[in-house]
Amino acid sequence: MTSHVEPRATLAAVYDEGASSYAKYWAPALHRHACDLVTAVPSPPAGQTRTLLDIAAGVGTLLPLLRQVAGENGRLVALDNSAGMLALADPTVPRIQADAAALPLMAGCADIAVYAFVLFLLPDARAALEEAARVLRPGAWLLAATWGRDLGLGAGAVVRDELDAAGAPPFPALPRSDNLTDT
């Protein structure tokens, strides 16, 4: 008997279980690269606010910086499919458990959508980007930091060795959409 694995539910469960390890090992390493992405957005003009979505926000590492990009009275919302990850995010920011490919938001409601190091992990990156296009207003910003397929250069082995040495739990193999994010 073959069991069917639902990738979105599996991904959420993996991150629910590993949220504290993610916060300790991965979030700090990825944060500095995601900061470079966010600093590319100019501040809003005086008196203007923005609605900013951190999609697949994880433990909310970028939220303090994103709050600045949204503006003093702007709206910042953290979305993630993992309740365990959201539980570690800043509780002063509205948090919504949601699949990146099916956002429970109105069309044209946001000025900026951020996908920091997640598109390659999604079972269908294209569907997530279509959702971003749906919820973004005309002229809005889509910020994405990602990487593509491992080209056999050994970086993956180095990362695994470092995580193993630090005592991080193993990460299960999941369906990925690297082929959609490496061009």
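In the predicted model, five strands form an open sheet in the order S3-S2-S1-S4-S5, and their pairing is parallel. Strand S3 (95-97) and strand S5 (136-145) are the edge strands, each of them pairing on one side only. Neighbouring strands of this sheet are turned against each other by 20° on average, with direction ignored. Helix H5 (residues 125-135) packs on the sheet, where it touches S1, S4 and S5, and the direction of helix H5 makes about 145° with that of S5.

The protein as a whole contains seven helices and five strands, and from the N terminus on the elements follow the pattern α-α-β-α-β-α-β-β-α-β-α-α. Of the 183 residues in the protein, 44% are buried. The protein exposes about 10,100 Å², of which carbon and sulfur atoms supply 56%. Among the contacts with a separation of 6 or more, 74% are accounted for by residues 24 or more positions apart.

Strand pairing can be followed outward from S1. In general, the strands of a sheet pair through backbone hydrogen bonds, in either a parallel or an antiparallel manner. Strand S1 (residues 51-55) pairs with strand S4 (residues 110-116) in the parallel sense over three bridges; within this pair, Asp 54 stands opposite Val 114 in S4, and the bridge partner of Leu 52 in S4 is Ile 112. On the S2 side, S1 and S2 pair in the parallel sense over five bridges, with Leu 76 in S2 as the bridge partner of Leu 52 and Leu 79 in S2 as that of Ile 55. Leu 52 accordingly has bridge partners both in S2 and in S4. From S2 the sheet continues to S3, to which S2 is joined by three bridges in a parallel arrangement; here Leu 79 stands opposite Ile 96 in S3, in addition to being the bridge partner of Ile 55.

The burial of S1 and S2 was examined next. S1 is mostly covered, with five of its five residues buried, and strand S2 (residues 75-80) is likewise mostly covered, five of its six residues being buried. In a regular strand the side chains alternate between the two faces of the sheet. In S1, Thr 51, Leu 53 and Ile 55 point one way while Leu 52 and Asp 54 point the other way, and all of these residues are buried.

The connection between these two strands runs through helix H3 (residues 63-70), and S1, H3 and S2 together make a right-handed β-α-β unit. Within H3, the buried residues are Leu 63, Leu 65, Leu 66, Val 69 and Ala 70. These residues lie on the same side of H3, because they cover an arc of only 155° around the axis. An α-helix has 3.6 residues a turn, so residues three or four places apart point the same way. The buried residues of H3 pack against helix H2 (19-38), S1, S2 and S4, whereas the face of H3 turned away from its buried side carries the exposed residues Pro 64 and Gln 68. H3 is followed by Gly 71, for which phi is positive, near 100°.

At the S5 edge of the sheet, Ala 144, which lies in strand S5, provides a residue-level example. Ala 144 has a relative accessible area of 34% and is therefore partly exposed, a class that spans the interval between the 20% limit for buried residues and the 50% limit for exposed ones. When residues up to four places away in sequence are not counted, Ala 144 touches Leu 37, Tyr 115 and Leu 119. Ala 144 and Ala 113 are 31 residues apart in sequence, yet their C-alpha to C-alpha distance in space is 8.4 Å.

How values were computed. Residues numbered from 1 in each chain as written. Predicted model: local features only at pLDDT ≥ 70, side-chain atom pairs only at ≥ 80, totals over all residues. Heavy atoms only, no water. Helix = DSSP H or I, 4+ residues; strand = E, 2+ residues; numbered from the N terminus. Buried < 20%, exposed > 50% of the residue type's maximum accessible area, 1.4 Å probe, protein only. Contact = heavy atoms within 4.5 Å. Areas by Shrake-Rupley, 256 points an atom, 1.4 Å probe, with all protein chains shown as cover. Pairing = 2+ DSSP bridges. Axes fitted to C-alpha atoms, helices over the stretch in contact; angles between N-to-C directions. Right-handed = clockwise from strand over helix to strand, strands pointing away. Arc of directions from axis to C-beta.
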